[in-house]
Amino acid sequence: MNAKNAMNAMNAMNDSNPAHPVDPSTSLTSPTSPNAAKASNSRDPLGPRCRPERPDPVDPPDPPDPPKSAKARHPVRLTGAKETLLATLYGRALDSRAPRPILGDTMAVDAVRRLDYDFGKLRVGPGAAAAVALRARQLDIWTARFLATHPEATVVHLGCGLDTRVHRLAPGPGVQWFDVDFPEVIDLRRQLFTEPPGYTAIPSSVTDPAWVARVPADRPTMIVAEGLLMYLTERDGTALLRRLMAHAPGGGLAFDFFSRFAVRAARLNTVIVRTGSTLHWGGGPADIARLHPGLEIVESFSALEIPDIGRLPARYRTPVRAAALIPGVREMSRLYNCRF
């Protein structure tokens, strides 16, 4: 299988590519779709709510509009890898508007509506939105499981972007939560989201060693990285994770990671191309195991075999099942839950 055919097979589970061109009947409206004028008039980048693929007797209401005082649209000046976080945000928002949401992140809906940005150019469709939600949900599950057994832990969320994980999990009063991302990303977060108790946002490149000193060194630590490591070089990514694991007395590490083949095939990824981003680092379980002498992979599976994969929209399920039968394609993206 060549790279193009493999990427086509992976599109439904890619964090930013639809398995098919944008369907005007979905909640994403592009300038060429019949619903574009209506979406433009309403200034709602999400457009009309997703319709079920078959009649659904229970049609949940749309999230309420934000109060007028919160409706100012914030300009977005992110480029390259930083801009890709908007695809993930939009995917979570689309999932929240689906008839049967997987993650149900209504804060993402509000954030999308408040950003002055053309989300249509990212071409995020319902399959990609479901994939984003499945990945986020699994990392939420692993993080919540860690916090349930370590109620006075530290969470370090690397490359947090505009993710609302700290709000979704609502950790207890004993948890210290650190979100780390570039200063311009943290500034945008502060315009969109409130900061809960026990929360600290660190405006820094994740690869800068200086910020690690702000994280407690005497508490079990959960390190979470979603859609990040493949954008780092192997040298920077390895140094980052080793630095954090050496800093903490022990803990967990949950993340998603691409294979080397997936990194080479990145030129076929719509969001990567449209944002001018570059992927650098890929590998497999053996590469992860070498990161730290005490690192143990507790659980790992392909993004094509993630729990609840059956909750993908119906038209994506068969292509994804077929893609999972091809070893090279199945291993293009994996999720890992580790302890150290």
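**Group meeting: a cavity, two helices and some loops**

By class, the residues lining the second largest cavity are two nonpolar, two polar and three charged. I start there because rolling a probe the size of a water molecule over the atoms shows where empty space is left. Please keep in mind that this is a predicted model.

Which residues line the second largest cavity? They are His167, Arg189, Arg190, Phe193, Thr194, Glu195 and Tyr199. The space inside the second largest cavity is about 40 Å³. A search of the whole structure turns up three cavities of 30 Å³ or more.

Now the chain as a whole. It has 340 residues, and 56% of them are buried. Its secondary structure consists of 13 helices and nine strands. The accessible surface is about 14400 Å², and carbon and sulfur atoms hold 53% of that. Next, take the contacts in the chain with a separation of 6 or more: 76% of them are between residues 24 or more positions apart.

On to helix α7, which covers residues 183-192. Which residues of α7 are buried? Val185, Ile186, Leu188, Arg189 and Leu192 are. These residues lie on the same side of α7, because they cover an arc of only 160° around the axis. For anyone new to helices, an α-helix has 3.6 residues a turn, so residues three or four places apart point the same way. Arg189 has come up before: this buried residue of α7 is also one of those lining the second largest cavity.

What do the buried residues of α7 pack against? There are helices, namely α3 (85-97) and α4 (106-113). There are also strands: β1 (74-75), β2 (115-116), β4 (176-181) and β5 (199-203).

Let us look at α4 from its own side. Its buried residues are Ala108, Val109, Ala111, Val112 and Arg113. The cover over them includes α3, β2 and α7. So α7 appears in the cover of α4, and α4 appears in the list for α7.

The rest of the talk is about loops. Asp118 sits in the loop between β2 and α5 (126-149). Asp118 counts as partly exposed because its relative accessibility is 46%. Along the chain, Asp118 and Leu86 are 32 residues apart, and their C-alpha atoms are separated by 9.9 Å.

Arg123 is in the loop between β2 and α5 as well. With a relative accessibility of 27%, Arg123 counts as partly exposed. Its phi is near 55°, which is a positive value in a residue other than glycine.

Ala170 also has a positive phi without being glycine, with a value near 45°. Where is Ala170? It lies in the loop between α6 (165-169) and β4. Is Ala170 buried or exposed? Ala170 is exposed, because its relative accessible area is 56%, and exposed means over 50%.

My last residue is Pro45, in the loop between α2 (36-42) and β1. Pro45 counts as buried because its relative accessibility is 19%, and the cut-off for buried is under 20%. How far apart are the C-alpha atoms of Pro45 and Tyr117? They are separated by 8.6 Å, while the two residues are 72 residues apart along the chain.

To close, I return to the cavity from the start. Its lining includes Arg189 and Arg190, and α7 runs over residues 183-192. That is what I have for today.

Conventions. Residues are numbered from 1 along each chain as its sequence is written. This is a predicted model: local features need pLDDT of at least 70, side-chain atom pairs count only at pLDDT 80 or more; totals for chains, interfaces and linings use all residues. Side-chain values use heavy atoms; hydrogens and water are left out. Helices (H or I, at least four residues) and strands (E, at least two) are DSSP runs, numbered from the N terminus. Buried means under 20% relative accessible area, exposed over 50%, partly exposed in between (1.4 Å probe, protein chains only). Contact means heavy atoms within 4.5 Å. Accessible areas come from the Shrake-Rupley method with a 1.4 Å probe; for residues, only the protein chains shown count as cover. On a 1 Å grid over the protein atoms alone, a cavity is a set of points where a 1.4 Å probe fits but cannot get out, and a pocket is an open set with protein on both sides within 12 Å along at least five of seven lines; lining residues have an atom within 4 Å of a point. Grid points are joined across faces, edges and corners, and a volume is the space filled by probe spheres set on the points. Ala, Val, Leu, Ile, Met, Phe, Trp, Tyr, Cys and Pro count as nonpolar, Asp, Glu, Lys and Arg as charged, and the others, Gly among them, as polar. The arc is that of the directions from the helix axis to the C-beta atoms.
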